[in-house]
Amino acid sequence: MTENMRAEKGEKKNLLKSLTSYLRARSIVMLLLGFSAGLPFYMIYQNLSLWLAEAGVDKGEIGLFAWTGFAFSFKFLWAPAVDRVPIPFLEKFVGRRRAWMAAAQIGIMLALIAMSAADPAGNLLVIAAIAVVLAFVAATQDIAIDAWRIEAATDEEQGVMAAMYQYGYRVAIMVAGAGALIVADNINWPAAYQFMALLMGVGLLTALFAPKVEVGEYTPPPRAPLAETMSKSVIGPFKDFFSRYGMHALVILLFIALFRVPDFLMGYMTGPLYIDLGYDKTTIGAVRSGIGLFATLFGVFLGGIIVARMDYRWSLMFGVLSQSLTNLIYSWLALSDATTGGLAFAVVVDNIAYGAAGTILIAYMSSLTNTAFTATQYALFSSFYALPGKFVGGFSGFMVEAFGFAWFFAITAIIGLPAALLIFWLKGSDQYDQSAKPDETAVSSP
């Protein structure tokens with residue numbers, strides 16, 4: 001009885017410790033940085049697709065705008081610069097991670113203002129060019145934020161940091177979703193993009209005043225031959241990853257690449273679906289960023305608990321299947337009457353799955369990095385998880401025109417099954433593998 005009471009007391013203490021970790025200063029910073037990351041992403045995709053649909057742009061052309069997201073997929077190509085290249089003047093005061101964050105956030109502000117001055121009906125190519133630039137600077141911000149997050153917390157704290165990032169991201173979704181749509185409904189779309197540029201100041205201030213995670217004082221990087229620099233900053237991170245995981249590295253990258261394909265494929269067509277069904281922007285914004293936000297926050301919290309309590313393979317399985325199967329709800333919505341209740345149901349269920357799956361994947365990818373190459377290796381993982389989805393997402397509009405919305409969303413659900421099968425061949429970090437096989441560890445210990 002006494003032993004059971006001690007175990008129960010220990011569990012309560014661990015749970016209390018887990019909950020209070022969400023209130024740490026660096027966790028709050030992660031919340032604000034997640035907000036900064038969510039604003040531009042939503043303005044590139046969900047809101048831009050609504051703006052283009054309202055302007056009468058064909059669904060096929062709207063789908064092609066998903067390819068602007070290749071900036072997020074190929075960000076590992078310039079991630080070594082974020083690891084190695086200093087930002088003049090600013091880095092001496094705030095450190096490399098925060099200096100890169102601040103520079104990227106200023107670029108995002110300028111791109112959003114430029115977008116507000118463009119006309120999708122008059123010149124779609126200008127909109128596309130600005131969207132590419134906006135995606136590039138937003139992806140650069142993500143590289144710096146991910147590096148700061150991983151270096152600011154231990155492996156055990158990455159679940160909490162990932163959850164706080166998702167919380168901040170979802171708050172940004174509420175603001176960019178409901179706030180921007182209300183502004184667009186009552187004023188116009190250019191005013192909505194200008195409003196979002198102003199709110200990026202939250203991220204800029206956070207980057208300037210967040211804790212500095214680099215060890216030691218700033219020293220200019222030593223000059224070295226180009227070949228040596230390339231070997232250390234570009235080849236080194238990839239060589240390290242493959243040397244640690246061997247052939248399993250290929251399975252890991254393939255799994256990460258397939259994990260989010262269902263969401264990326266269907267995501268750019270939800271806006272055109274809402275417009276086709278006859279929903280107005282205020283209703284869409286209220287549902288997606290109101291009850292939809294709270295559903296996602298619950299999903300993020302659920303994902304953090306799952307990561308902390310479950311074997312990593314089972315947590316990844318939950319993430320894959322939940323986000324894939326919930327796409328079927330949009331097939332049902334496409335065949336239903338345009339009621340607010342039906343829209344709310346679809347958004348709530350989908351957002352819970354999306355939030356949980358995102359937290360689970362971020363925690364898994366974070367556990368695979370070597371702190372010597374944090375920015376580059378994490379950028380590699382996050383690029384692989386976005387690359388296939390962005391590519392096939394470019395054809396989403398043509399798929400809708402060929403099959404209709406109902407069959408399109410059903411196809412996106414089926415596409416998630418290969419990732420579920422790969423989980424059985426995955427290898428995790430040493431910590432993950434030990435937690436997944438406690439009995440074997442106990443037997444082999446001296």
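**Exercise 1. Aromatic rings**

Identify the residues that ring pairs link into a cluster, and then characterise the pairing of tryptophan 67 and phenylalanine 391.

*Solution.* Ring pairs join Tyr330, Phe405, Phe408 and Phe409 into a cluster. The model examined here is a predicted one. Searching the whole structure yields 17 aromatic pairs. One of them is formed by tryptophan 67 and phenylalanine 391, with 6.2 Å centre to centre and 10 degrees between the planes. Planes under 30 degrees apart count as stacked, and this pair is therefore classed as stacked.

The next step is to place both residues along the chain. Tryptophan 67 belongs to the loop between helix H4 (59-64) and helix H5 (70-73), while phenylalanine 391 belongs to helix H21 (residues 374-393). The two are 324 residues apart, and the pair links distant parts of the chain.

Phenylalanine 391 also pairs with phenylalanine 395: the ring centres are 5.4 Å apart and the planes stand at 75 degrees, so this pair is edge-to-face. As for exposure, tryptophan 67 has a relative accessible area of 29% and is partly exposed. Phenylalanine 391, at 44%, is partly exposed, and phenylalanine 395, at 35%, is partly exposed.

**Exercise 2. The chain as a whole**

State how many helices and strands the chain has, and what share of its residues is buried.

*Solution.* The chain contains 26 helices and zero strands. Of its 446 residues, 55% are buried. Considering contacts between residues at least 6 apart in sequence, 85% join residues at least 24 apart. The exposed area of the chain is about 19300 Å², and carbon and sulfur atoms supply 68% of this area.

**Exercise 3. The largest nonpolar core**

Determine which members of the largest nonpolar core touch the most other members, and which helix gives the most to it.

*Solution.* The largest nonpolar core has 131 residues, and those touching the most other members are Leu48, Leu112, Trp148, Phe255, Leu316 and Tyr330. Helix H10 (residues 158-186) gives the most to this core, namely 16 residues. Leucine 48 may then be considered individually: with neighbours within four places in sequence set aside, leucine 48 contacts Met43, Phe65, Ile127, Ala131, Tyr193 and Tyr268.

**Exercise 4. Tyrosine 274**

Decide whether tyrosine 274 is buried or exposed, and list its contacts beyond its neighbours within four places in sequence.

*Solution.* Tyrosine 274 lies in helix H16 (residues 270-277). Its relative accessible area is 2%. A residue under 20% counts as buried, so tyrosine 274 is buried. Outside its neighbours within four places in sequence, tyrosine 274 contacts Tyr279, Ile284, Arg288, Tyr330, Leu333, Leu343 and Val347. For one of these, leucine 333, the position is 59 residues away along the chain, and the C-alpha atoms of the two residues are separated by 9.6 Å.

**Exercise 5. Two residues with surface exposure**

Describe the nonpolar surface patch that includes Leu321, and establish what is notable about the phi of phenylalanine 89.

*Solution.* The patch covers about 450 Å² and is made by Leu321, Leu325, Leu328, Ile414 and Leu417. Leucine 321 is part of helix H18 (residues 312-325). With a relative accessible area of 33%, leucine 321 is partly exposed.

For the second part, most residues other than glycine have a negative phi. Phenylalanine 89 has a phi near 70 degrees, which is a positive value in a residue other than glycine. Phenylalanine 89 is located in the loop between helix H6 (79-84) and helix H7 (90-94). Its relative accessible area is 62%. A value over 50% counts as exposed, so phenylalanine 89 is exposed.

Notes:
Residues numbered from 1 in each chain as written. Predicted model: local features only at pLDDT ≥ 70, side-chain atom pairs only at ≥ 80, totals over all residues. Heavy atoms only, no water. Core = buried A, V, L, I, M, F, W, Y, C linked by side-chain atoms within 4.5 Å. Buried < 20%, exposed > 50% of the residue type's maximum accessible area, 1.4 Å probe, protein only. Helix = DSSP H or I, 4+ residues; strand = E, 2+ residues; numbered from the N terminus. Contact = heavy atoms within 4.5 Å. Patch = residues over 30% accessible without salt bridge, like charges linked within 9 Å, V, L, I, M, F, W, Y side chains within 5 Å. Areas by Shrake-Rupley, 256 points an atom, 1.4 Å probe, with all protein chains shown as cover. Salt bridge = Lys/Arg side-chain N within 4 Å of Asp/Glu carboxyl O. Phe/Tyr/Trp six-rings, centres within 6.5 Å; stacked < 30°, edge-to-face > 60°.
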